[in-house]
Amino acid sequence: MVSSNRDQFTSKIGFILAAAGSAIGLGAIWKFPYTVGTNGGSVFILLFILCTLLIGLPILMSEFLIGRRSQADAVSAFKKEAPGKPWFLAGWLGVIVSALILSFYGVVGGWILSYLFRAVTFQLNGGSEEHYGELFSSLIANPWEVIFAQAMFMFITIFIVQSGIKGGIERAGKWMMPALFIFFILLAIRSLTLDGAMEGVKFMFVPDWSYLNMETLLNALGLAFFSLSVGVGAMITYASYLPKTETITSSAFNVAWMNIAISILAGLVIFPAVFALGYSPAQGPGLVFIILPAVFEQIPMGSVLIIIFFILLLFATLTSSISLLEITVSVFVKDNYEKRRSRAWIVGLVIFLAGIPSALSFGVWSNIFIMDKSIFDFIDYITANVGMPIGALAFSLFVAYYYKTNVTKAELNLPNAGYWLWRTIVCVIAPIAIITISLYNLFA
Ligand code: PFF
């Protein structure tokens, strides 16, 4: 896929896997459960699904369209398609926001490596319920371990991106995604059959309308963008490696439904267990790390299965982190293919360093707050709830008002009604929704 010169995806399935690999990651498996937990459950899930399908998906199609047409990185795409106009600034915004996302993504990637190490050395079993909470707290407060693990995760990410991600990741994606699905289904069955599990199901599906407000809506929108990798140019970058003959609409649908399915499955693993085992759903970022070992504890051969699980989770996380790094690297490499290696290392190193404050914000720097949020939460918040919506808005306005109807019609190849639905959303509904939700939260 991405190699030392600008070649293309060899197959449509390769592209879908790469795009789905970028989308499905910590967003669905880590962030979805914990934000559902802190936003009151069911209503948030409903809003997340609506935001994904009604706003995220049409914008995802737009990013695919821009990338495939321009065959260029997220900044050059706009320079090529709209020469002399300031649209390329939207590409730069994407570069900055994606780098910020990767800065804290690398921290959580590091936690996964630390957990994998503990799983392999059989430290993740045989503990009491409190034990797993304490384990997570002691890990994230240990500066050396988190930074070392973050460095290892970033090292692997850079290593894959610098040498081109064609062979290994594409092949791995083919078995990883189905394996992850199967694992989640098995875990969900176990979790759902625990005593008291129904409380968790109710939490996910019986609406508590008191949570229906603009703040929940903004969080749902932010998560939908984050989860679909929309609004920073990741999908422009990936679609730029797609031959012009491939259709993009079905790829976008596939990415969206798979992402929703994995998110709901992750919820069905976590919440029944949360309630059955007496945890609080509003734990924040540690939720998944605390609950999962407790669920595996309830499964025969759990101590071995959890190793496989964390390996799969690591893969899912890496296929997202490489897409985050690829955005910036492709912008700096442009046509100097021989510079790919050095650029990847430099960009990756800078992002790693930028992530250290987030890594420390659970321990030695936990007393530093920006707008009432820890450094980690603050970067997470401004990227998902401010940066991505602005980027998504710019991309949708660009496609809606810069491209002629006959161009977008031919590119998307949709039946008439579908095409006009898409067009109405990107021209009117998505921009109004993004602006209203953002402004309301800014000033209310
Ligand atoms: N979609 C990824 C996830 O859910 O983990 C995160 C992500 C990847 C966001 C790539 C943005 C992006 F450009």
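This is a short tour of a predicted model, going from the whole chain to one helix, the ligand and a single leucine.

**Whole chain**

Start with everything shown as cartoon. You'll find 18 helices and 0 strands in the chain. The radius of gyration is 21 Å, close to the 22 Å that the globule rule gives for 444 residues, so the chain is as compact as a globular protein of that length. Turn the C-alpha trace along its principal axes and the spans come to about 60 × 50 × 40 Å. If you colour by burial, 54% of the 444 residues count as buried. For contacts between residues at least 6 apart in sequence, 85% join residues at least 24 apart.

**Helix H10**

Now select residues 214-228, which make up helix H10. H10 has 15 residues, and from first C-alpha to last it reaches 21 Å, close to the 21 Å expected at 1.5 Å a residue. How many of the residues of H10 are buried? The count is 12 of the 15, so the helix is largely enclosed by the rest of the structure. Show side chains to pick them out: the buried residues include Leu217, Leu218, Asn219, Phe225, Phe226 and Leu228. Gly222 and Ser227 are buried too.

What covers the buried residues of H10? Bring up helix H1 (12-23), helix H2 (26-38) and helix H3 (42-70), which are among the elements doing so. Then add helix H12 (249-276), helix H16 (375-402) and helix H18 (416-443), which also belong to that cover.

**Past the end of H10, and the ligand**

Step on to Ser229, which follows H10 and has a positive phi, near 60°. Keep Ser229 selected, since the ligand is the next stop. The ligand is surrounded by 16 residues, and Ser229 is one of the closest, along with Gly25, Leu26, Gly27 and Ala234. The elements that give two or more residues to this shell are H1, H2, helix H5 (88-120), H10 and helix H14 (302-333). Colour the shell by residue class: 8 are nonpolar, 8 are polar and none are charged.

**Leu353**

For the last stop, select helix H15 (residues 340-360) and find Leu353 in it. Is Leu353 buried or exposed? Leu353 is exposed, because there are 12 other C-beta atoms within 10 Å, and a residue counts as exposed at 12 or fewer. Finally, draw a distance from the C-alpha of Leu353 to the C-alpha of Ile147: the two are 206 residues apart along the chain, and their C-alpha atoms are separated by 9.6 Å.

Methods
Residues are numbered from 1 along each chain as its sequence is written. This is a predicted model: local features need pLDDT of at least 70, side-chain atom pairs count only at pLDDT 80 or more; totals for chains, interfaces and linings use all residues. Helices (H or I, at least four residues) and strands (E, at least two) are DSSP runs, numbered from the N terminus. The expected span of a helix is 1.5 Å times one less than its number of residues. A residue is buried if 20 or more other C-beta atoms lie within 10 Å of its own, exposed if 12 or fewer, and partly exposed in between; C-beta atoms are placed from the backbone. Two residues are in contact if their C-beta atoms, placed from the backbone, lie within 7 Å. A residue is near a molecule or strand if its C-beta atom, placed from the backbone, lies within 6 Å of it. Ala, Val, Leu, Ile, Met, Phe, Trp, Tyr, Cys and Pro count as nonpolar, Asp, Glu, Lys and Arg as charged, and the others, Gly among them, as polar. The radius of gyration is taken over C-alpha atoms; the globule rule is 2.2 Å times the number of residues to the power 0.38.
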